[in-house]
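Here are my notes for you to read alongside the model. Have the coordinates open as you go.

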Amino acid sequence: MTTEVILHYRPYESDPTQLPKIAERAIQDFPTRPLSRFIPWFPHDGSKLPLKPKRSPPVISGEAAEDVKQYLSISEHNVKSQSYDCTVDLLEFQPSLKKQCLIWSHTVNEQTNSGNLDKQSEKGKRHNRRSWSVSLPSSTCTENVFPLSKKLQDSLKALNLHSLYRARWTIEHTICNNQTLEDIWAKLNQLIRHNELPSCNATIQRHLGQIWVFCDVKYCEYVGNCLKGRLVLTGKISLFVHKYGVIFSM
């Protein structure tokens, strides 16, 4: 049997005459050798087993086998005669109690449904209490923004903060001037909804008694003055920057 081989080689091979010899050796059959006969490590002549159980197997007498057959036949008869009616021992399926149970279950269902409606209405009221407010981008509200004060500019320069870095004004419940935090939050939502606070988004932290107003650094002083004036705040508000803490207050 002959095998046709097409050999490709590069023209700059040092000795092309060696390539056919390499190809011949590559396609030669692998040498095989006959396997030696298996010789077990224990004597095996068919009659003697190398491993024997320590005890002889159990012997079942004819009487024991008959007893087992009788037991199986009795158990099969009991299974066939067993009733699978799951309503036998239930009181609500007895004729004398059916009407009473139906009335009781109907009452329970009405109470459950009314309770669910009350919970849904309470849940809806809770969802109406907004916790975030976000302003839309607008160019009209930035026309009246004045340059930052010298003090704030020095602070930003010392911290090397970019003008688009986000800062946060914190409004405490103690400076609300006889107003509740919810009143301040409602007024703040109106300001943000009408785009009077540029680049702002705010959140109310009811468990802390605070309102957080986020804005860009370049608008922070303008936003702070608007908050104090429009919301009629009596105390100081602090400007917080992540990783730097409070950098300014007014």
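The points below run from the overall picture to individual residues.

1. Ground rules. This is a predicted model, so local features need pLDDT of at least 70 and side-chain atom pairs count only at pLDDT 80 or more, while totals for chains, interfaces and linings use all residues. Residues are numbered from 1 along each chain as its sequence is written, and side-chain values use heavy atoms, with hydrogens and water left out.

2. Confidence. The average pLDDT (the predictor's confidence in each residue, from 0 to 100) is 75 for the protein chain, and 68% of the residues reach at least 70. Over residues 123-128 the score is below 50, and this stretch has zero contacts (heavy atoms within 4.5 Å) beyond near neighbours in sequence. Where pLDDT is low, the predicted coordinates should not be read in detail.

3. Layout. The protein chain has six helices and six strands. These are DSSP runs, numbered from the N terminus: H or I of at least four residues for helices, E of at least two for strands. In sequence order the pattern is α-α-α-β-α-β-α-β-β-α-β-β.

4. Packing and surface. Out of 250 residues in the protein chain, 24% are buried; the cut-offs are under 20% relative accessible area for buried, over 50% for exposed, and partly exposed in between (1.4 Å probe, protein chains only). About 20400 Å² of the protein chain is exposed, with carbon and sulfur atoms supplying 57% of that. The areas come from the Shrake-Rupley method with a 1.4 Å probe, and for residues only the protein chains shown count as cover. Among contacts in the protein chain with a separation of 6 or more, 68% join residues 24 or more positions apart.

5. Leu188. What does this residue of helix 5 touch, leaving aside its neighbours within four places in sequence? The partners of Leu188 are Leu197, Ala202, Ile211, Val213, Leu227 and Leu231. Helix 5 covers residues 181-193, and Leu188 within it is buried at 0% relative accessible area. Take Ile211: it sits 23 residues from Leu188 in sequence, with 9.5 Å between the C-alpha atoms.

6. Cysteines. I'd list zero disulfides for the whole structure, a disulfide being a pair of cysteine sulfur atoms within 2.5 Å. Cys220 is in none; its nearest cysteine sulfur belongs to Cys215, 5.6 Å away. Cys220 is buried, with 0% relative accessible area, and Cys176 is buried too, at 1%.

7. Salt bridges. The count is four, using a side-chain nitrogen of Lys or Arg within 4 Å of a carboxyl oxygen of Asp or Glu. Side chains of opposite charge can pair when their charged atoms come close. One of the four is Asp216 with Arg166, whose closest N and O atoms are 2.8 Å apart. Asp216 is in strand 4 (residues 210-216) and Arg166 in strand 2 (residues 166-172), so this pair ties together parts 50 residues apart in sequence. Asp216 is buried at 12%, whereas Arg166 is partly exposed at 34%.

8. Two further bridges. Arg206 meets Glu182 at 2.6 Å, N to O. Arg206 is in the loop between strand 3 (201-205) and strand 4, and Glu182 is in helix 5, so parts 24 residues apart in sequence are tied together. Arg206 is partly exposed at 29%, as is Glu182 at 32%. Glu196 and Arg230 pair at 2.4 Å, N to O. That bridge links the loop between helix 5 and strand 3, home of Glu196, to Arg230 in helix 6 (residues 220-230), 34 residues apart. Glu196 is partly exposed at 27%, and Arg230 likewise at 48%.
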